[in-house]
Amino acid sequence: MAYEPKPEHKFTFGLWTVGNVGRDPFGLPTRPPLEPDYIVYKLAEIGAYGVNLHDNDLIPVEATEAERERILKRFKKALQDTGLVVPMATTNLFGDPAFKDGAFTSPDARVRAYAIQKTMRAMDLGAELGAKTYVFWGGREGAEVDAGGNVLDALAHYREALNFLAEYSEDQGYGYRFALEPKPNEPRGDIYLPVVGAALGFIATLDKPHLFGLNPEVAHETMAGLNFVHAVAQAIDAGKLFHIDLNDQKMGRFDQDLRFGAENLKTAFFLVKLLEDSGYDGPRHFDAHALRTEDEAGVWEFAKGCMRTYLILKEKAERFGRDREIQDLIGAYKVQDKALARLTAKYSRENARALKGLEFDREALGRRGPGLEWLDQLTVELLLGVR
Ligand code: GLT
Ligand code: MN
Ligand code: MN
């Protein structure tokens, strides 16, 4: 069957995504909760590769040691029965009112210590399940008002916590790579490290920057009005694309976490093309959920739709690469000049002198039409299935 998801495609979902019960700030859940092991069997059935989780998606915060063991046994059996893996784990540092004014960045030392303790325990759980990527989404790390004068302190606390946890991981031999997930706002009025670029800058200030990278999310950069494909490209360029959250989003709205490709098809296309062309070999994780209107059948249609759209766009990207006319237009667009490229590739006094002595026909450069309208139209036609 065409566009059939298989484990080799590395599609993953969070327990919290297909398990989303449709609660929103104005309304109660519209769907009953699904058991974690049931989710594993269903995901395997539809061709997923893995399942990701927050500590409390699996183990309730109040669970006793015995309950933890019982839940883990059932979950591990489901993984074993299906061959599904847990590539990524993370901590719920946002649901509990204790974290209402931040977790790692809380002004209260007790909250910060509790957040680090909770994360160490969640890292133990993730490691036990085989996870190698650990995500930090700092949903509550932010503020509504700046009267507390907290931002510089908050960043220092954030750094301290991440440094502590990276050492913990190494000390335990867990081998985690950490992926920071930026978001501009929601649930806080302003979240620290709001976009990919901010997180990249912050990573450079950590003790072990090589252990830290990004988990960019389509919806989050789009909420900030930014071009997600550009953000991911910058993360790849920096060697920092450790994980990715695929979904969709209308600009200027609350975080919608729509089915992948549901809204901005062209962006989704260039994103898939970038991921495939760049050789990114991590999981294609869908951090999205079914519309609140849907019942359970709708949830599985949503999940299948995410994967199917990815595979269709992957095929379109291959077609784009094979399309002679499109490739010729791109070839003409990128004007090559070997002699000039040699001069500008690297500074030397000779190169600088030679470059200074050249004459350029500015007017001709300004007159040139690069052919982008036609190239883009061909892209649209390819996506619409008429070429
Ligand atoms: C939450 C958030 C997501 C994050 C998850 C990981 S939790 O659903 O909206 O973007 O990726 O903590
Ligand atoms: Mn989101
Ligand atoms: Mn996410």
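In which order do the 8 strands of the open sheet follow one another? In this predicted model, the order is E8-E6-E4-E3-E2-E1-E10-E9, and the pairing is parallel.

**View 1. The edges of the open sheet and the pairing of two of its strands.** E8 and E9 stand at the edges of the sheet, and each has a single partner strand, so one side of each is left without a neighbour there. Elsewhere in the sheet, E4 and E6 pair in the parallel sense over 5 bridges, and Val135 stands opposite Ala179 in E6.

**View 2. The manganese ion (ligand 3) and its coordinating residues.** Glu181 and Glu217 coordinate this ion through OE atoms, while Asp245 and Asp287 do so through OD atoms, at 1.9 to 2.2 Å. The arrangement is octahedral because the 6 donor atoms around the manganese ion (ligand 3) subtend angles of 76 to 165°. Along the chain, the donors of this ion follow the spacing E-x35-E-x27-D-x41-D. Distant parts of the chain are linked by the pair of Asp245, which lies in strand E9 (residues 245-246), and Asp287, which lies in the loop between strand E10 (284-286) and helix H11 (296-322), the two being 42 residues apart. Asp245 is buried, with a relative accessible area of 1%, and Asp287 is buried as well, with a relative accessible area of 9%.

**View 3. The manganese ion (ligand 2) and the residue that coordinates both ions.** The manganese ion (ligand 2) is coordinated at 2.0 to 2.6 Å by Glu217 (OE), by His220 (NE2), by Asp255, which appears with OD twice, and by Asp257 (OD). The spacing of these donors along the chain is E-x2-H-x34-D-x1-D. The manganese ion (ligand 2) and the manganese ion (ligand 3) are 4.6 Å apart, and the residue that coordinates both is Glu217. The pair of Glu217 and Asp255 links distant parts of the chain, since Glu217 lies in the loop between strand E8 (212-214) and helix H8 (218-223), whereas Asp255 lies in the loop between E9 and helix H10 (265-278), 38 residues apart. Glu217 is buried at a relative accessible area of 1%, and Asp255, at 12% relative accessibility, also counts as buried.

**View 4. A tilted aromatic pair between two strands.** The structure holds 21 aromatic pairs, and one of them is formed by Phe11 and Phe286, whose rings are tilted, with 5.5 Å centre to centre and 40° between the planes. Phe11 lies in strand E1 (residues 11-14) and Phe286 in strand E10, so this pair ties together parts that are 275 residues apart in sequence. Phe11 is buried at 0% relative accessibility, and Phe286 is likewise buried, with a relative accessible area of 0%.

**View 5. An edge-to-face pair of tyrosines.** The rings of Tyr134 and Tyr176 form an edge-to-face pair, because their planes stand at 70°, with the centres 5.2 Å apart. This pair links distant parts of the chain, with Tyr134 in strand E4 (residues 133-137) and Tyr176 in the loop between helix H6 (151-172) and strand E6 (177-181), 42 residues apart. Both tyrosines, Tyr134 and Tyr176, are buried.

**View 6. A cluster of rings, and an arginine over a ring face.** Ring pairs link a cluster whose members are Phe104, Tyr134, Phe136, Tyr158, Tyr168, Tyr174, Tyr176, Phe178, Phe202 and Phe212. In a further contact involving a ring, Arg177 lies over the face of Phe242, at 3.7 Å from the ring centre.

Methods:
Residues numbered from 1 in each chain as written. Chains lettered and ligands numbered in written order. Predicted model: local features only at pLDDT ≥ 70, side-chain atom pairs only at ≥ 80, totals over all residues. Heavy atoms only, no water. Donors = N, O, S within 2.8 Å, 3.2 Å for Na, K, Ca; no water. Tetrahedral: all angles 85-135°; square planar, octahedral: opposite > 155°, others 65-115°. Helix = DSSP H or I, 4+ residues; strand = E, 2+ residues; numbered from the N terminus. Buried < 20%, exposed > 50% of the residue type's maximum accessible area, 1.4 Å probe, protein only. Phe/Tyr/Trp six-rings, centres within 6.5 Å; stacked < 30°, edge-to-face > 60°. Lys NZ or Arg CZ within 6 Å of the ring centre and 35° of its normal. Pairing = 2+ DSSP bridges.
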